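Please open the model in your viewer and keep the selection tool at hand, since this tour goes from one selection to the next.

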Amino acid sequence: MSTLERARCRLRAHPLALDAALAAGVLVCMVAGSFVVPRGEHGVTWGVRTPAVLSLLLMVVGAAALVFRRRAPRTVLAVAGTVSLIELVTGNPRAPVAMSAVVALYTVAATTDRPTTWRLGLLTMTVLTAAAMLAGPLPWYAQENLGVLAWTGIGATAGDAVRSRRAVVQAIRDRAERAERTREEEARRRVAEERLRIARDLHDVVAHHIALVNVQAGVAAHVMDKRPDQAKEALAHVREASRSALNELRATVGLLRQSGDPEAPTEPAPGLSRLEDLADTFRSAGLPVAVARADQGTELPAAVDLAAYRIVQEALTNVQKHAGPEAEAEVSVVRAGPNIEVTVLDDGPGTTGAPEAGGGHGLLGMRERVSALGGTLTTGPRYGGGFRVHAILPVKTTTAQGEPV
């Protein structure tokens, strides 16, 4: 940092000292100007004169008032305007006391609003110019009288320009700060959404496969002594379910890896094309599942396809866990206009087997998936017993910018 910049920083940190230095400079200029007279016997000539004591006193008062120009700009303008008015009326030749009024008017214009600048500026210009023309010792058309009008107008205009520039700079800074806050909020929102999405995937994978492992392990333990062949078959299903769980967990956790980490799995996300395989895993666990499809081979966006698969997976997992050993399930996938409708029904023991009783996050996760795609989800007990999960998903989704995908 240069010496000049350090000096500026010190002055900005002590505004009263800066105003005192400005007042001293204005006083020096006024005193120096009071020794010069621009009028002579033969037109405009320059000569040296001695200022009157009253003029020197008025210059000191006007300059001293400028020390407080930031704290009370209107009061300082009133004081500077008063001493300038006295000098314009009584001084002959006049001392440049009006310089203090010009600086005070500049301060008012720079620190207040435009209507206030117009009112006080016009009042100051009118009073000082009228007094100089009508009550002063010079003819009304004298150049010095017109100079009073010009300099007061320049002070007000310059102060208004500075205030406008400060307002523009501040507006730019505010917009930049708002844009930065918006970017940070958007980043936090995206992180939260991604965290929820991964949490839903982990829940669906773990809940589904662990439920199957639990059922098959129970079957194996029950028939281990009497029917070892069936126990071996159940254990084989346990091994297959655990392998599938590990593969899906590996694919999900792979999304969290950085660019320098080992290559993530490239297996595509599951979708409705694997619906029969999903149903077979439940059938092997002892849950009869009937699948009916009327979607005419509709090609779904990846997000919709995955959501539909996970909804069926979670709904069947809930049937397996809550509907009872005698329950049966039905899965239907239907294309209805611009939407795809996924329905999972079971005939379990009514509300006593409803998934809400478990206190888990399955239904909440399904609802979040559907809402994120702009669809609707309805769940509840069926009349006569059982539970129903019905999801309506749009075939065409939109991005955050509103563009179809």
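Begin by selecting serine 84, which counts as buried because its relative accessibility is 1%, below the 20% under which a residue is called buried. Keep in mind, as you look around, that this is a predicted model. Serine 84 is part of helix α4, and if you set aside the neighbours within four places in sequence, you will find serine 84 in contact with Val97, Ala98, Ser100, Ala101 and Leu128.

Next, select the whole of α4 together with helix α5 (residues 98-111), whose axes come within 8 Å of each other and cross at roughly 160°. The two helices are therefore roughly antiparallel, because an angle over 145 degrees is counted that way, and the crossing in which α4 passes α5 is left-handed. To see where they meet, show the side chains of Pro73, Arg74, Val76, Leu77, Ala80, Gly81, Val83 and Ser84 on the α4 side, and those of Ala98, Ser100, Ala101, Ala104, Leu105, Thr107, Val108 and Thr111 on the α5 side. Sorted by class, this contact of α4 with α5 holds ten nonpolar, five polar and one charged residues.

Now keep helix α4 (residues 73-90) selected and add helix α3 (residues 53-65), which packs against α4 at an angle of about 165°, with the axes 9 Å apart. That angle makes α3 roughly antiparallel to α4, and the crossing of α3 and α4 is left-handed. On α3 the contact is made by Leu54, Ser55, Leu58, Val61, Gly62 and Ala65, while α4 contributes Val76, Val79, Val83, Ile86, Glu87 and Thr90. In the contact of α3 with α4, eight residues are nonpolar, three are polar and one is charged.

For the next stop, select phenylalanine 35, which you will find in the loop between α2 (15-34) and β1 (36-37). Is phenylalanine 35 buried or partly exposed? With a relative accessible area of 35%, phenylalanine 35 is partly exposed. If you also select proline 93, you will have two residues that are 58 residues apart in sequence and 10.0 Å apart in space, taken from C-alpha to C-alpha.

Finally, move to helix α10 (residues 302-322), where the 21 residues, at 1.5 Å a residue, should span 30 Å, and the end C-alpha atoms are indeed 30 Å apart, in agreement with that expectation. Helix α10 is mostly covered, with 17 of its 21 residues buried. End the tour at glycine 324, which follows α10 and has a positive phi, near 100°.

Methods
Residues numbered from 1 in each chain as written. Predicted model: local features only at pLDDT ≥ 70, side-chain atom pairs only at ≥ 80, totals over all residues. Heavy atoms only, no water. Axes fitted to C-alpha atoms, helices over the stretch in contact; angles between N-to-C directions. Helix = DSSP H or I, 4+ residues; strand = E, 2+ residues; numbered from the N terminus. Parallel < 35°, antiparallel > 145°, perpendicular 65-115°, else oblique. Left-handed = near helix turned anticlockwise from the far one by under 90°. Contact = heavy atoms within 4.5 Å. Nonpolar A, V, L, I, M, F, W, Y, C, P; charged D, E, K, R; others polar. Expected span 1.5 Å × (residues − 1). Buried < 20%, exposed > 50% of the residue type's maximum accessible area, 1.4 Å probe, protein only.
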